[in-house]
Amino acid sequence: MVEAYRDPVLRHWSSTRVADDAEGLRWVQAQQQGWTADNRFSFAVLEAHPGMGSQRLVGDVILKEVASGKRSAEVGYWTSAQARGRGIAVRALETLTAWAFETFHTDGLQSLELLHQVDNLASCRVAQESAYELDRVLPAAPPSYPLDGHLHVRGRSPVEDRRRG
């Protein structure tokens, strides 16, 4: 985590700060609390290094604001500098999307939302490549959101419905 957050691009887009091991541990504990509360599910994106027998953290995907009876939830993600431009974010988001619809379909989940600032062109490409359609532009809400944002939405597909039979 600390290594990934040394990247100035990641720090620019993230509201989270992980400058040392203690902050990294607090971040991991916050993710564990989300799992315990059953409303926020974070997954590390790891890249295997065959031959070295190790894995490297290259990103994270998260499903948040999940609740029984709630028709939508939010997804988010980040990738480390070495992972960008290789399709890792798209594959991780696709995996999370499939898992979310499969896991929470019976709880009423019908759509997923992805938000990013309008000037985050890379996130916009990931959303589009993952079939999250641009729904609307959200107005800025300073200080947390100093610029307008894009809201992308993806609904459950008929293919996913047929898989459930």
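In the predicted model, the largest nonpolar core holds 24 residues, of which Leu63, Val75, Leu109, Leu112 and Tyr132 touch the most other members. Two or more residues are given to this core by each of β1, β2, β3, α3, β4 (residues 111-117) and α4 (residues 121-129). The greatest share comes from α3, with nine residues. The surroundings of Val75 illustrate how these elements meet. With neighbours within four places in sequence left aside, Val75 is in contact with Ile62, Leu63, Leu93, Leu96, Leu112, Glu113, Leu114 and Tyr132. A second core, separate from the first, consists of seven residues and includes Val2, Tyr5, Val18 and Trp78. In soluble globular proteins, nonpolar side chains tend to be buried together.

Helix α3 was examined further as a contributor of nine residues to the largest core. The helix covers residues 88-104, and its 17 residues should span 24 Å at 1.5 Å a residue; the end C-alpha atoms are 24 Å apart, in agreement with that expectation. The buried residues in α3 include the aliphatic positions Ile88, Val90, Leu93 and Leu96. Ala89, Ala92, Thr97, Ala100, Phe101 and Phe104 of the helix are likewise buried. An α-helix has 3.6 residues a turn, so residues three or four places apart point the same way.

Strands β1 and β2 run antiparallel and are joined by ten bridges. Together they form a hairpin with four residues between the strands, and Gly51 in the turn has a positive phi of about 90°. Within this pairing, Ser42 has Ile62 of β2 as its bridge partner. The side chain of Ser42 also makes a polar contact of 2.7 Å with the side chain of Asp60. Asp60 lies in strand β2 and has a relative accessibility of 5%, so Asp60 counts as buried. Beyond residues up to four places away in sequence, Asp60 touches Trp27, Ser42, Phe43, Ala44, Val45, Gly76, Tyr77 and Trp78. Among these contacts of Asp60 is Trp78, a residue that also belongs to the second nonpolar core. By C-alpha positions, Asp60 and Asn39 are 16 Å apart in space, with their places 21 residues apart in sequence.

Salt bridges in the model number seven. Three of the residues involved, Glu47, Arg56 and Arg86, are linked in a network. In one part of this network, Arg56 and Glu47 meet through their side chains at 3.0 Å, N to O. In another, the side chains of Glu47 and Arg86 meet at 2.1 Å, N to O. Glu47 is in strand β1 whereas Arg86 is in the loop between β3 and α3, so this pair ties together parts that are 39 residues apart in sequence. Glu47 has a relative accessible area of 16% and is therefore buried. Both arginines are partly exposed: the relative accessibility is 29% for Arg56 and 39% for Arg86.

A further salt bridge joins the side chains of Glu74 and Lys64, at 3.7 Å, N to O. Because Glu74 lies in strand β3 and Lys64 in strand β2, this pair ties together parts that are ten residues apart in sequence. Glu74 counts as buried at 15% relative accessibility, which is under the cut-off of 20%.

Backbone geometry was also examined in the loops. Asp38, in the loop between α2 (residues 21-37) and β1 (residues 40-49), has a positive phi of about 65° although it is not a glycine. A positive phi is likewise found at Glu65, another residue other than glycine, with a value near 65°. Glu65 is placed in the loop between β2 (residues 54-64) and β3 (residues 72-79), and its relative accessibility of 45% makes Glu65 partly exposed. Finally, the peptide bond from Pro142 to Pro143 is cis, with omega near 5°. Pro143 of this pair is in the loop between β5 (residues 133-138) and β6 (residues 149-155).

How values were computed: Residues are numbered from 1 along each chain as its sequence is written. This is a predicted model: local features need pLDDT of at least 70, side-chain atom pairs count only at pLDDT 80 or more; totals for chains, interfaces and linings use all residues. Side-chain values use heavy atoms; hydrogens and water are left out. The expected span of a helix is 1.5 Å times one less than its number of residues. Buried means under 20% relative accessible area, exposed over 50%, partly exposed in between (1.4 Å probe, protein chains only). A salt bridge is a side-chain nitrogen of Lys or Arg within 4 Å of a carboxyl oxygen of Asp or Glu. Two strands pair if DSSP finds at least two bridges between them. A nonpolar core is a set of buried Ala, Val, Leu, Ile, Met, Phe, Trp, Tyr and Cys residues joined through side-chain atoms within 4.5 Å. Contact means heavy atoms within 4.5 Å. A polar contact is a pair of N or O atoms within 3.5 Å; within protein, one must be able to donate a hydrogen and the other to accept it, and residues adjacent in sequence count only if both atoms are side-chain atoms.
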